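Reader: Could we go through some of the helix packing here? I should like the cut-offs as we go.

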Amino acid sequence: MEGGGEVYTTHTPPLHTSEPLHRIAFNHLFAVVYTFALIALLYCHAQNLLLYSTTLLSFSITLSLLISDLVLAFLWASAQVFRMCPIRRKEFPENLKRMMKEDDFPGLDVFICTADPYKEPPMNVVNTALSLMSYNYPTQKISVYVSDDGGSALTLFAFMEAAKFARHWLPFCREHIIMERNPQVYFASDYDHNWSPEFEKIKMMYKNMKVKVEHVVDKGEISDEYITDDQQRQAFNKWTNGFTRTDHPTVIQVILDKSQDKDVSGQFLPNLIYVSRQKSKTSPHNFKAGALNVLLRVSAVMTNAPIVLTQDCDMYSNDPQTPLRVVCYVSDPAIQPKLAYVQLPQRFHCIDKNDIYSCEYKHPFQISVKGFDGLKGPTNVGTGCFFRRRAFFGGPSNLVPPEIPELSPAHVVSKPIQSQEVLSLAHHVAGCNYENQTKWACKIGFRYGSLVEDFYTGYRLHCEGWKSIFCNPERPAFLGDVPITLFDVLSQCKRWCIGFLEVTFSKYNPMIFGTPSIGLLMSLGYSHYSMWPIWWIPITFYSFIPQLAVINKVSIFPKISEPWFFLYVFLFVGAYGQDFLEFVLAGGTVQRWWNAQRIWMIRGLTCHLFSSVEYLLKSLGISAHGFNLTSKVVDDEQSTRHEQGIFEFGVASPLFVPMTMAAIINLLAFLLGLIEILVGSNGEGLGLQMLLTGSIVLNYLPIYEAIALRSDKGKMPTKITVVSTFLSLALYRAASLCF
């Protein structure tokens with residue numbers, strides 16, 4: 001039986017299988033037809049540019065059309081990579097125990113990163129950790145490492161309390177075969193909990209823990225009444241008066257030791273280890289990638305499990321079987337030698353019914369990734385990724401040894417994790433200057449050089465000869481939070497876009513460096529995302545220039561009676577139709593697809609545009625960008641509006657200005673164009689422009705509502721409305737002079 005390239009005998013039960021999607025032939029045929037249509041369009045633009053652009057204005061508009069459509073053509077062509085050979089996989093974890101003993105399961109080191117107890121509430125991080133600690137996996141094989149880049153005693157306190165609760169929670173989950181092992185989610189769910197005194201008891205324990213932790217966080221300090229023993233006191237004494245989040249020594253605290261600590265049923269608990277790496281104002285810390293490399297070294301010294309799971313602090317486990325699904329792949333000798341990681345999709349539990357901000361990211365996380373999987377494997381998305389530790393140390397056939405043998409993936413830890421020797425070395429490798437004059441971050445570990453360290457590291461691993469696998473079980477393996485305000489959504493996206501540009505304009509450019517290493521198709525796929533920010537070019541052009549032409553009664557597209565008109569219609573309907581079909585077949589709804597198109601347009605005029613400008617300024621040395629943490633704190637009023645599907649503006653951010661200007665210009669153009677069609681003589685010539693303008697106006701209805709009809713705190717700030725109106729009038733006046 002085939003299974004991702006493996007062949008089993010008739011007596012061997014399969015651990016996994018794979019099959020191509022049925023629409024591959026249609027995708028190939030459509031790509032050929034659409035390519036010829038694009039060539040015809042570009043030919044039309046070139047002909048108009050060279051033969052019919054007799055004035056500076058007509059030349060400029062035609063050139064802008066050509067550039068915009070060249071960008072659209074490249075982004076469409078690179079997206080066809082995902083449609084060439086998409087595959088679907090399935091795992092059979094129930095066959096594992098027939099193939100191997102539990103004692104032979106590989107060890108699992110779990111990395112959870114957090115950085116600010118006020119933006120990432122410790123209880124959220126604790127819930128994530130508890131859900132991962134309670135996997136249906138041998139507990140003696142699991143070690144959970146929590147990286148606290150905020151260096152907060154509040155986070156450590158939360159995990160000390162969580163360790164006490166875990167002694168009851170883990171056996172409770174096993175005994176009752178619970179699927180939702182995030183206690184917050186479990187106790188808040190509507191499912192039948194089979195009420196019992198035990199259920200009420202553990203629910204009360206969780207509530208008491210939550211109240212205690214949140215009280216300490218609100219107060220901002222840990223009172224003596226909460227310190228119950230000398231070990232805790234000794235741990236918190238490390239936070240001296242000179243200890244700050246940007247300048248402090250390494251703190252490593254073993255909270256649970258699987259060789260000593262047991263739950264109430266008598267079973268050993270997983271390791272739980274708190275790590276706050278050394279920080280210094282004079283040493284770069286390289287954001288999340290730096291924190292992950294510290295965890296990679298500290299865990300190598302303490303446990304050195306062959307499998308490493310990287311997990312966002314708000315992305316909790318939704319399926320306790322997940323590690324078993326991963327073992328189905330990593331234990332397969334046919335694919336293991338070149339397997340770097342198994343990536344599971346990001347899914348979210350707090351998205352509103354119609355996903356107004358398109359935070360589901362259905363294409364990159366659920367659709368396009370299947371196309372990558374049919375080649376050399378999916379990109380790394382930073383969370384829900386199970387790495388083979390060996391992949392961080394050179395290519396499959398050329399091991400790059402670390403500077404000390406204790407960090408080697410082949411190193412066997414023989415000493416207890418709380419021994420002085422192990423702890424001393426762990427503190428040493430977590431030092432802020434440890435990586436100096438080493439191969440870390442260039443040939444070993446997670447790679448620096450981009451704010452999207454996940455995407456960049458996955459890309460570099462593929463270039464070294466590794467492959468990856470996309471595991472997408474029916475029940476989501478992980479569920480996480482999403483931003484609930486438009487500003488947070490766009491700020492997060494802007495950070496990603498800057499990171500993508502850093503990859504594009506580095507010496508590791510996917511098309512230049514990547515093609516010889518991973519082939520043309522994979523390079524095009526990586527280029528599609530690394531060039532994601534250039535969407536701003538066609539979106540900005542098509543949001544302003546045709547509309548300003550309508551206002552001045554100038555036609556820039558073919559008339560309805562001309563043959564070229566039908567080419568535009570085919571290109572528009574074809575691209576949107578294929579996108580819609582893929583979206584719906586992947587489980588999306590019509591309303592969610594429409595909202596995804598709206599947010600795509602908004603991103604082009606906001607985060608894509610601003611990230612490009614910010615990257616340019618940084619490259620010129622005019623400004624520098626940093627890592628802005630997305631807040632995980634939920635405001636009740638904002639949450640209510642989000643659940644109702646109401647856009648949240650509220651913040652007077654420059655990000656909103658170009659978008660609001662486009663809304664104003666398009667509405668003005670649509671009204672004036674409608675009058676021209678009804679009473680004028682150029683209705684046929686303005687047909688395509690009016691269709692474009694009308695669709696944009698329809699997409700921007702939430703903006704008009706936020707400007708004129710709303711009075712709540714989430715409305716469009718008056719400052720943004722005034723500035724955008726003034727700039728729109730200025731643009732209108734300038735266009736009138738040009739046209």
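Reader: What follows H8, and what is the sign of its phi?

Author: Gly-220 comes after H8, and its phi is positive, near 85°. Helices here are DSSP runs of H or I with at least four residues, strands are runs of E with at least two, and both are numbered from the N terminus.

Reader: Before we continue, what kind of model is this?

Author: This is a predicted model, in which local features need pLDDT of at least 70, side-chain atom pairs count only at pLDDT 80 or more, and totals for chains, interfaces and linings use all residues. Residues are numbered from 1 along each chain as its sequence is written, and side-chain values use heavy atoms, with hydrogens and water left out.

Reader: How many residues does H8 have, and how far does it reach?

Author: H8 (residues 197-219) has 23 residues and reaches 33 Å from first C-alpha to last, close to the expected 33 Å. The expected span is 1.5 Å times one less than the number of residues.

Reader: Which residues of H8 are buried?

Author: They are Phe-199, Ile-202, Tyr-206, Met-209, Val-213, Val-216 and Val-217. Buried means under 20% relative accessible area, exposed over 50%, and partly exposed in between, with a 1.4 Å probe and protein chains only.

Reader: Which helices do those residues pack against?

Author: The buried residues of H8 pack against H5 (122-133), H6 (153-176) and H7 (183-188). Contact means heavy atoms within 4.5 Å.

Reader: How do H5 and H6 cross?

Author: Their axes come within 10 Å and cross at roughly 35°, and the crossing is right-handed. Axes are lines fitted to C-alpha atoms, for helices over the stretch in contact, and angles run from 0 to 180 degrees between N-to-C directions. A crossing is right-handed if the near helix is turned clockwise from the far one by less than a right angle, and left-handed if anticlockwise.

Reader: Which residue classes make up that contact?

Author: The contact of H5 with H6 has 13 nonpolar residues, 1 polar and no charged. Ala, Val, Leu, Ile, Met, Phe, Trp, Tyr, Cys and Pro count as nonpolar, Asp, Glu, Lys and Arg as charged, and the others, Gly among them, as polar.

Reader: Changing topic, is His-45 buried or exposed?

Author: His-45, in helix H1 (residues 24-52), is buried, with a relative accessible area of 2%. Leaving aside neighbours within four places in sequence, His-45 contacts Thr-62, Leu-65, Leu-66, Asp-69 and Tyr-568.
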